[in-house]
Amino acid sequence: LDLSELAEFIEIAALERPGYEDRGPIRIPDSVRAAVIVRDGGRCRSCHSAVNLQIDHIIPRSKGGTSEESNLQTLCRRCNRRKWKKLVPRF
């Protein structure tokens, strides 16, 4: 990846975190976000899409997961929501 592509990924990652501040004081630094996206090849680890990318906690924070790079992955919005729906109990 060249620097312009990396900058675009950082911008996308920054835009794709709706309501993140509402979930607590921990914020993933942009440098970590960028490193995760670059590590994952700039694509969703589930469907390999390159659009609407988000940073996902593999083990959710609510279940004890950390915001360390080893617990983060790149997912597109669709795959991230699909994963979230599986984790949320239905009543």
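Here are some exercises with worked solutions on a predicted model of a protein chain.

**Exercise 1. The overall layout**

Work out which elements the protein chain contains and in what order they run.

*Solution.* Start by counting: there are three helices and two strands. Next, walk along the chain from the N terminus, and the elements come in the order α-α-β-β-α. Now turn to burial, where 34% of the 91 residues count as buried. The accessible surface comes to about 6,000 Å², and carbon and sulfur atoms hold 55% of that area. Finally, look at contacts between residues at least 6 apart in sequence: 55% of them join residues at least 24 apart.

**Exercise 2. The surroundings of strand β1**

Decide whether strand β1 (residues 53-57) is enclosed or open, and find its partner strand.

*Solution.* Take the residues one side at a time. On one side sit L53, I55 and H57, and on the other Q54 and D56; all of these are buried, which leaves both faces of β1 covered. With five of its five residues buried, β1 is therefore largely enclosed by the rest of the structure.

Then look for the partner. β1 pairs with strand β2 (residues 72-76) in the antiparallel sense, over five bridges. To place the two strands against each other, use H57, which stands opposite L72 in β2.

**Exercise 3. A polar residue in β1**

Is Q54 buried or exposed, and which side chain does the side chain of Q54 contact?

*Solution.* First, locate the residue: Q54 belongs to strand β1. Second, check its accessibility. The relative accessible area of Q54 is 6%, and the cut-off for burial is under 20%, so Q54 counts as buried. Third, look for a polar partner: the side chains of Q54 and N80 are joined by a polar contact of 2.7 Å.

**Exercise 4. The buried face of helix α2**

Find the buried residues of helix α2 (residues 30-39) and work out how they are arranged around its axis.

*Solution.* Begin by listing the buried residues of α2, namely R33, A34, V36 and I37. Now look down the helix axis: these buried residues fall within an arc of 160 degrees, so they line one face of α2. To finish, move just past the end of α2, where G41 takes a positive phi of about 75 degrees.

**Exercise 5. Salt bridges**

Trace the salt-bridge network that includes D40, and describe the accessibility of its members.

*Solution.* The count of salt bridges comes to four. Take the ones formed by D40 step by step.

1. D40 forms a salt bridge with R39, and their closest N and O atoms are 3.0 Å apart.
2. D40 also forms a salt bridge with R45, with the closest N and O atoms 3.8 Å apart.
3. Put together, R39, D40 and R45 are linked in a network of salt bridges.
4. For accessibility, D40 is buried at a relative accessible area of 14%, whereas R39 is partly exposed at 38% and R45 is partly exposed at 44%.

**Exercise 6. The salt bridge of D30**

Which residue forms a salt bridge with D30, and how far apart are the closest N and O atoms?

*Solution.* The partner is R27, with the closest N and O atoms 3.1 Å apart. Now check each residue in turn. D30 has a relative accessibility of 30% and counts as partly exposed. R27, at 41% relative accessibility, also counts as partly exposed.

Definitions and conventions: Residues are numbered from 1 along each chain as its sequence is written. This is a predicted model: local features need pLDDT of at least 70, side-chain atom pairs count only at pLDDT 80 or more; totals for chains, interfaces and linings use all residues. Side-chain values use heavy atoms; hydrogens and water are left out. Buried means under 20% relative accessible area, exposed over 50%, partly exposed in between (1.4 Å probe, protein chains only). Helices (H or I, at least four residues) and strands (E, at least two) are DSSP runs, numbered from the N terminus. Two strands pair if DSSP finds at least two bridges between them. The arc is that of the directions from the helix axis to the C-beta atoms. Contact means heavy atoms within 4.5 Å. Accessible areas come from the Shrake-Rupley method with a 1.4 Å probe; for residues, only the protein chains shown count as cover. A polar contact is a pair of N or O atoms within 3.5 Å; within protein, one must be able to donate a hydrogen and the other to accept it, and residues adjacent in sequence count only if both atoms are side-chain atoms. A salt bridge is a side-chain nitrogen of Lys or Arg within 4 Å of a carboxyl oxygen of Asp or Glu.
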